[in-house]
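Visitor: I would like a close look at a single part of this model. Please choose one strand, say how it is placed, and follow its connections to the rest.

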Amino acid sequence: MGRILSILTVVCACLAIGGVRAPASAHEPEPLLTFVNGSAVHVELDLEDLEDLPVGQFTTTTIWTDGPQTYEGVFLHDLLAYFNVTEGEIRVTAVNDYSVSMPVTELRDQEALLAFKRNGKIMSMRQKGPLWIVYPYDNNTNLQNEIVYSRSVWQVVRLDVLG
Ligand SMILES: Nc1nc2c(c(=O)[nH]1)N[C@H]1C(S)=C(S)[C@@H](COP(=O)(O)O)O[C@H]1N2
Ligand SMILES: [Mo]
């Protein structure tokens, strides 16, 4: 994760001199997720950054797909812990501007996974990728309700820690 930290340093330096981000170089991998924690943290994570975090996976059906599928990604709890976020709420925003807030403490118990692969392959936008929050719905009937479904955001582009 040295990479994220060095990006962080660059971004902070940019913010300090006027709030403008340096344009990504042509060789830079595509950013998938903007992670924002107030004015302190504003980072763009690409697939490599996410794969450097502790990754996890599970197999489940969803109400949006056919048959059991294996999802691989970063547990939201681990992603937040990496950024020292252990309480409060986060807001997740999708490419269609759908957004939903969820309490950080509930993520610890619920195994919300920010999935970047399904059955070993990256997911296209059409397949609800490149990032989709999925839960192991099959394991637990407590995950089979509208609240959890509303937090199952696909085409995630941004995560804000709410102050
Ligand atoms: N990107 C994105 N994810 C989303 C939504 C959305 O509009 N956009 N709606 C959410 C809500 S409120 C629910 S209940 C379910 C809706 O699933 P459905 O469209 O199959 O009813 O997906 C969730 N994930
Ligand atoms: Mo919903």
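Guide: The answer below starts with one strand, follows its partners, and then turns to the salt bridges and a neighbouring topic, the open sheet.

Some ground rules come first. This is a predicted model, in which local features need a pLDDT of at least 70 and side-chain atom pairs count only at pLDDT 80 or more, while totals for chains, interfaces and linings use all residues. Residues are numbered from 1 along each chain as its sequence is written, chains are lettered from A and ligands numbered from 1 in the order in which they are written, and side-chain values use heavy atoms, with hydrogens and water left out.

The part chosen is strand S7, residues 113-118. Strands (E, at least two residues) and helices (H or I, at least four) are DSSP runs, numbered from the N terminus. Is S7 enclosed or open to the outside? Of its 6 residues, 6 are buried, so the strand is largely enclosed by the rest of the structure. Buried means under 20% relative accessible area, exposed means over 50%, and partly exposed is in between, with a 1.4 Å probe and protein chains only.

Next come the strands that pair with S7. Two strands are said to pair if DSSP finds at least two bridges between them. Strand S4, residues 69-75, pairs with S7 in the antiparallel sense over 5 bridges. One of the partners across this pairing is Phe-75, whose bridge partner in S7 is Leu-113. S9 also runs antiparallel to S7, and 3 bridges join them. Here Leu-114 stands opposite Ile-133 of S9. S8 is joined to S7 by 2 bridges, again in the antiparallel sense, and Arg-118 stands opposite Lys-121 in S8. S7 and S8 form a hairpin with 2 residues between the strands, where Asn-119 takes a positive phi near 50 degrees. Further along, the loop between strand S8 (121-122) and strand S9 (132-134) holds Met-125. At 44% relative accessibility, Met-125 is partly exposed.

Now the side chains. A salt bridge is counted when a side-chain nitrogen of Lys or Arg is within 4 Å of a carboxyl oxygen of Asp or Glu. By this rule the model has 4 salt bridges. One of them involves S7: Lys-117 is linked to Glu-51, and their closest N and O atoms are 3.1 Å apart. Glu-51 lies in helix H2 (residues 47-52) and Lys-117 in S7, so this pair ties together parts that are 66 residues apart in sequence. How do the two ends compare in cover? Lys-117 has 18% relative accessibility and counts as buried, whereas Glu-51, at 34%, counts as partly exposed.

Away from S7, another salt bridge joins the side chains of Arg-91 and Asp-160, at 3.9 Å from N to O. Arg-91 is in strand S5 (residues 89-94) and Asp-160 in strand S10, so the pair ties together parts that are 69 residues apart in sequence. Asp-160 is buried at 7% relative accessibility, while Arg-91 is partly exposed at 31%. Asp-160 also forms a salt bridge with Arg-158, with the closest N and O atoms 2.7 Å apart. Arg-158, at 30% relative accessibility, is partly exposed. Through shared partners, the salt bridges join Arg-91, Arg-158 and Asp-160 into one network.

The strands S5 and S10 belong to an open sheet of 5 strands, with the order S2-S1-S10-S5-S6 and mixed pairing. Its edge strands are S2 (41-46) and S6 (99-103), each of which pairs on one side only. Neighbouring strands of this sheet are turned by 20 degrees against each other on average, direction ignored; the strand axes are lines fitted to C-alpha atoms (for helices, over the stretch in contact), and angles run from 0 to 180 degrees between N-to-C directions. Within the sheet, S1 (residues 31-37) and S10 (residues 156-162) pair in the parallel sense over 4 bridges. Arg-158, named above for its salt bridge, is the bridge partner in S10 of Thr-34.
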